[in-house]
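Me: Got a minute to go through this one with me? I'd like to take it piece by piece.

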Amino acid sequence: MQPSPYTPGEVARAVPGRAIQLAEIDERLSVLADLGRLVGRIRVDHAPRGFGKTSLLREYQRRAEARGLLSVWVTAGEEAGLVAQICTALASATETSGDRARASVGRLESVELTLGVPGLAQVSGTRSVGPRVEPRGARAFEAAIRDKTDGVGGVVVLIDEIQAADEVGLRTLVYAWQHLQAEGADVPAAVFAAGLPSAPERIAAVVTFSERIAYRPLGTLGREAEEIAVVGPARALGVRWTEEAVELALSIAQGYPYAVQLIADAAWTAAGRPDPGHVVDVRAVERGRSVMQADLEALFRARWAGCTAFERRLLGAMADLGAGPVARATLAQAMHATPNSLSAPRARLIDKGLIQPADRGLLQFTMPGFAEFVRGNGGE
Ligand SMILES: Nc1ncnc2c1ncn2[C@@H]1O[C@H](COP(=O)(O)OP(=O)(O)OP(=O)(O)O)[C@@H](O)[C@H]1O
Ligand SMILES: [Mg+2]
């Protein structure tokens, strides 16, 4: 018996299918580590829930650290505000990163006196101003970043759930980066972020120069990547999946990373947590599917319970139109509504990760099986 190597609901140990993203990050990290330059654009990878954003960001972090860069991780949305979170993380990273950074501690402390928690509380408390107005803390934050890069090879700031960041924090970050782009090309620092599909809109609402931000939608997994995600971890434990079993698992998961992990994990358990030399066959996947279905249904029910009556109507109308992508106009027609009146609930449902924009302005369900769930139980 060997424990499952799959990671449903946990950060993935490897991120197959993300070669393009990783190549771009490697190139950016070279700019930083080899040339000692600023990565001028803030990068934001965005996708609905369960697409692998956190896992990807963790992989960026591993790569940054492998190059000897100082990295800090924050999950936006805490009370303290984004900038305070970043500064706190930077301060504790310096404390733990040993001698090479010790030289900069003194300077950091002086920055923290002006910018530290009391100062930041003040910045965060600033009442909302128009997007064209620079927050008072932007220069101080810029100075803090400059300071932190002194004596280390470079600093990488990773921000997860960026759509949840406070308005002043976002604006402070973007303004500080704007200054660095203009005057600090030799500051080796980078910001890589991840968030829901609403992140670009949310950021655009609080800063005017969002063209300085590189938005990258993160898609479903391609066939080969999915296959690697299923077969690879088993192979490392000396276990083989039959071709038929892989086929069935892929048809169930449909490229949705969370579902890939769920079905592979359920099949592993159904196969009796195989020892080296054993196989996962199609019967194990079939048995696993019913177990996984229960997990998925629980997730669907929870998401459904979190929807308003109107959102449910919208989901119902979409499900009635089939599991594939639907045009907004078709949807509006089916609901006897105007496309405009649907835009707010549509945005909320995208944020909840239930639906997502597809090519050419179409809308589609995010999770495989959700359309069937809505058709089957949704009306109840
Ligand atoms: N490239 C990948 N291949 C296979 N599985 C993956 C991949 N990336 C992530 N996963 C798996 O998908 C699931 C979701 O991953 P993760 O938590 O990183 O997504 P997320 O987009 O951050 O989700 P959320 O929006 O809920 O925070 C996890 O079970 C993880 O192990
Ligand atoms: Mg996440």
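Me: How many bridges join strand 8 to strand 10?
Reply: There are 2 bridges, and the two strands run antiparallel. Bear in mind that this is a predicted model. Strand 10 covers residues 362–365.

Me: Which residue is the bridge partner of Ala327 in strand 10?
Reply: Leu362 is the partner of Ala327.

Me: What is the order of strands in that sheet?
Reply: The order is 8-10-9. It is an open sheet of 3 strands with antiparallel pairing. Strand 8 (326–327) and strand 9 (355–357) are the edge strands, and each pairs on one side only.

Me: Which strands does helix 13 touch as it packs on the sheet?
Reply: Helix 13, residues 309–320, touches strand 8, strand 9 and strand 10. Its direction makes about 95° with that of strand 10. Helix 15 (residues 343–351) packs on the sheet too, touching strand 9 and strand 10. The direction of helix 15 makes about 105° with that of strand 9.

Me: Now the other sheet. Is its pairing parallel or antiparallel, with 5 strands in it?
Reply: Parallel. The sheet is open, and its strands come in the order 2-3-4-1-5.

Me: Which strands stand at the edges?
Reply: Strand 2 (70–75) and strand 5 (213–217) do. Each has a single partner strand, so one side of each is left without a neighbour in the sheet. On average, neighbouring strands here are turned by 15° against each other, direction ignored.

Me: Edge strand or not, how many residues of strand 2 are buried?
Reply: 5 of its 6 residues are buried, so to speak of strand 2 as mostly covered is fair.

Me: And how many bridges pair strand 2 with strand 3?
Reply: They pair over 6 bridges, in the parallel sense. Within that pairing, Ser71 has Val156 of strand 3 as its bridge partner.

Me: What about the other edge: over how many bridges do strand 1 and strand 5 pair?
Reply: Over 5 bridges, again in the parallel sense. Strand 1 is residues 42–46. Asp45 stands opposite Arg216 in strand 5.

Me: Which strands does helix 1 touch there?
Reply: Helix 1 packs on the sheet against strand 1, strand 3 (155–160), strand 4 (189–195) and strand 5. Its direction makes about 155° with that of strand 4. Helix 8, residues 199–206, also packs on the sheet, touching strand 1 and strand 5. The direction of helix 8 makes about 160° with that of strand 5.

Me: Switching to the interior. Which residues touch the most other members of the largest nonpolar core?
Reply: Phe192, Trp241, Val285, Leu315 and Phe370, out of 75 residues in that core. Helix 11 (residues 257–270) gives the largest share, 8 residues. A second, separate core has 40 residues, including Leu38, Leu70, Val83 and Ile213.

Me: What is Phe370 in contact with?
Reply: Phe300, Trp304, Leu315, Leu354 and Phe365, leaving aside neighbours within four places in sequence.

Me: Helix 10 next. Which of its residues are buried?
Reply: Ala245, Val246, Leu248, Ala249, Leu250, Ile252 and Ala253, in a helix that spans residues 243–253. Their cover includes helix 9 (223–236), strand 6 (240–241), helix 11, strand 7 (279–280) and helix 12 (282–305).

Me: What is the phi of Gln254, which follows helix 10?
Reply: It is positive, near 50°. Gln254 is in the loop between helix 10 and helix 11.

Me: Is Gln254 buried or exposed?
Reply: Exposed, with a relative accessible area of 53%.

Me: And where is Arg273 found?
Reply: In the loop between helix 11 and strand 7. Arg273 also has a positive phi, about 45°, although it is not a glycine. Its relative accessible area is 33%, so Arg273 counts as partly exposed.

Me: Last one, Gln2. Is it buried or exposed?
Reply: Buried, with a relative accessible area of 15%. The cut-off for buried is under 20%. Gln2 is in the segment before helix 1 (19–33).

Me: What does Gln2 touch?
Reply: Leu237, Val239, Trp268, Arg273, Pro274, Asp275 and Pro276, not counting residues up to four places away in sequence. Its side chain reaches the backbone oxygen of Leu237 at 3.0 Å.

Terms used:
Residues numbered from 1 in each chain as written. Chains lettered and ligands numbered in written order. Predicted model: local features only at pLDDT ≥ 70, side-chain atom pairs only at ≥ 80, totals over all residues. Heavy atoms only, no water. Core = buried A, V, L, I, M, F, W, Y, C linked by side-chain atoms within 4.5 Å. Buried < 20%, exposed > 50% of the residue type's maximum accessible area, 1.4 Å probe, protein only. Helix = DSSP H or I, 4+ residues; strand = E, 2+ residues; numbered from the N terminus. Contact = heavy atoms within 4.5 Å. Polar contact = N/O pair within 3.5 Å; in protein donor to acceptor, adjacent residues only side chain to side chain. Pairing = 2+ DSSP bridges. Axes fitted to C-alpha atoms, helices over the stretch in contact; angles between N-to-C directions.
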